[in-house]
Amino acid sequence: MPVARRKVRMFCMMMTLNIFVCVLMGVSWNLRHDKSGRRKVQIPSKRFWHQQVLSKSFWNKEQQLLDFIHNPIVNSVLSSHSHIELPDWLNDTGPLNPCEPDYRVPTQILDYNSLPQRFQDFLLHMRCRTYPMLINQLHICDEKPFLLLVVKSLIPHFDRRQAIRETWGRAGVLANRTVATVFLLGNTLSVDHFPDLLGMLGHEAALHKDVLQWDYRDTFFNLTLKEVLFLEWFSQNCPHAQYILKGDDDVFVNTLRIVDFLEGLSEIKAKDLFIGDVISNATPHRDQKLKYFIPESVFVGQYPPYAGGGGYLYSGELALRLYNASQQVALYPIDDVYTGMCLKKLGLVPEVHSGFRTFDIEEKYRYNPCAHRSLMLVHSRTPQEMLTIWPWIVHPELDCQ
């Protein structure tokens, strides 16, 4: 085809395309504007909003209540139209004091009386988030720590705490970075069959100045409460800590590896950092014999992605946002799932990191010094094993190339 004819054909195609675009724009304008040029009101062709159906499961219903209370659009409407009547279920706020047992709960959960005692206790006090602090450490963060090591512990676990202090939880300067350590504790009741160890705990707290204790019953289901109380304490006493490593008192942490990892983060990556051994697509266990049993009368749905509670690493800035988000999420009896719920409220998902092994490593590698050098956190280790492993981490003469 001659060059001149190709140019004419190309010109015609471009003109046709331009005319087509102009027609589309004209049609679009006419659909959205009247003859005077004013914008038409667009009326949806079908229903776009559905009234929320109140869940029959107790936790889901409590969360629906919180979602409604914290909805900014609803708050704006209610503040300007005080005459609006709320649905009955929104007025059902329970006792005036949320830390009084809520005896309406048994009437709202059909199988309440058949649930394990730990469940009944949790549900009766589920709305309470305020407990007196028995032991505080006001100066633990005076040096604005680069890394705050936060360890969930129980009063009788003196040996675990001491092993941590002598190994991976040693406070001070590590790799030219300031590291601080705190141990989170609740209280015990006579029904828990623990001896009276408060005198020993008081001595330990005065000696090491790293114990935080609140006056609530320290049980498995109250680990969520421990999480919320720590976030509140952090926001008030240690908001300038850059990073937090939170774990159980039977994990081993390679603190040197973690500091090295954190120093290599970009500012953007650091802001929303939350890494660990992430569990996805999990659903509640319905077998009552299991530790993590959750009945359908309490919760229905799928869990959001969450990092195993054995240990995870996140930024101090995110911790402050998690505290605010936690005020909008009903307490849930499994603490790591609850943290995943709070992250979801923020629009975030925890990130998988292969260095976190909350389900341990292969048995053949458990006594291999170099295997632990490559890890960030492993569960579980006894105090004696911590004291054995730590020298493998800090001794430079160990060749793991």
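Trainee: What makes helix H13 largely enclosed by the rest of the structure?

Mentor: In this predicted model, nine of the 11 residues of H13 are buried, so the helix is largely enclosed by the rest of the structure. A residue counts as buried when its relative accessible area is under 20%. Those that meet this cut-off in H13 are Asp-335, Asp-336, Val-337, Tyr-338, Thr-339, Gly-340, Met-341, Cys-342 and Leu-343.

Trainee: Which elements do the buried residues of H13 pack against?

Mentor: They pack against the helices H2 (58-69), H9 and H12 (316-326), and against the strands E2 (147-152), E8 (274-279) and E9 (306-315).

Trainee: Why are H9 and H13 called oblique to each other?

Mentor: The axes of H9 (residues 223-237) and H13 (residues 335-345) come within 8 Å and cross at roughly 45°. Angles under 35 degrees count as roughly parallel, and 65 to 115 as roughly perpendicular. The crossing angle of roughly 45° fits neither class, and H9 and H13 are therefore oblique to each other.

Trainee: Which residues make the contact between H9 and H13?

Mentor: H9 contributes Leu-223, Thr-224, Glu-227 and Val-228, while H13 contributes Asp-335, Tyr-338 and Thr-339. By class, this contact has three nonpolar, two polar and two charged residues.

Trainee: Which residues of helix H10 are buried?

Mentor: In H10 (residues 255-263), the buried residues are Thr-255, Ile-258, Val-259 and Leu-262.

Trainee: How do you know that the buried residues of H10 line one face of the helix?

Mentor: Viewed down the axis of H10, they fall within an arc of 100°, so they line one face of the helix.

Notes
Residues are numbered from 1 along each chain as its sequence is written. This is a predicted model: local features need pLDDT of at least 70, side-chain atom pairs count only at pLDDT 80 or more; totals for chains, interfaces and linings use all residues. Side-chain values use heavy atoms; hydrogens and water are left out. Axes are lines fitted to C-alpha atoms, for helices over the stretch in contact, and angles run from 0 to 180 degrees between N-to-C directions. Helices (H or I, at least four residues) and strands (E, at least two) are DSSP runs, numbered from the N terminus. Angles under 35 degrees count as roughly parallel, over 145 as roughly antiparallel, 65 to 115 as roughly perpendicular and the rest as oblique. Contact means heavy atoms within 4.5 Å. Ala, Val, Leu, Ile, Met, Phe, Trp, Tyr, Cys and Pro count as nonpolar, Asp, Glu, Lys and Arg as charged, and the others, Gly among them, as polar. Buried means under 20% relative accessible area, exposed over 50%, partly exposed in between (1.4 Å probe, protein chains only). The arc is that of the directions from the helix axis to the C-beta atoms.
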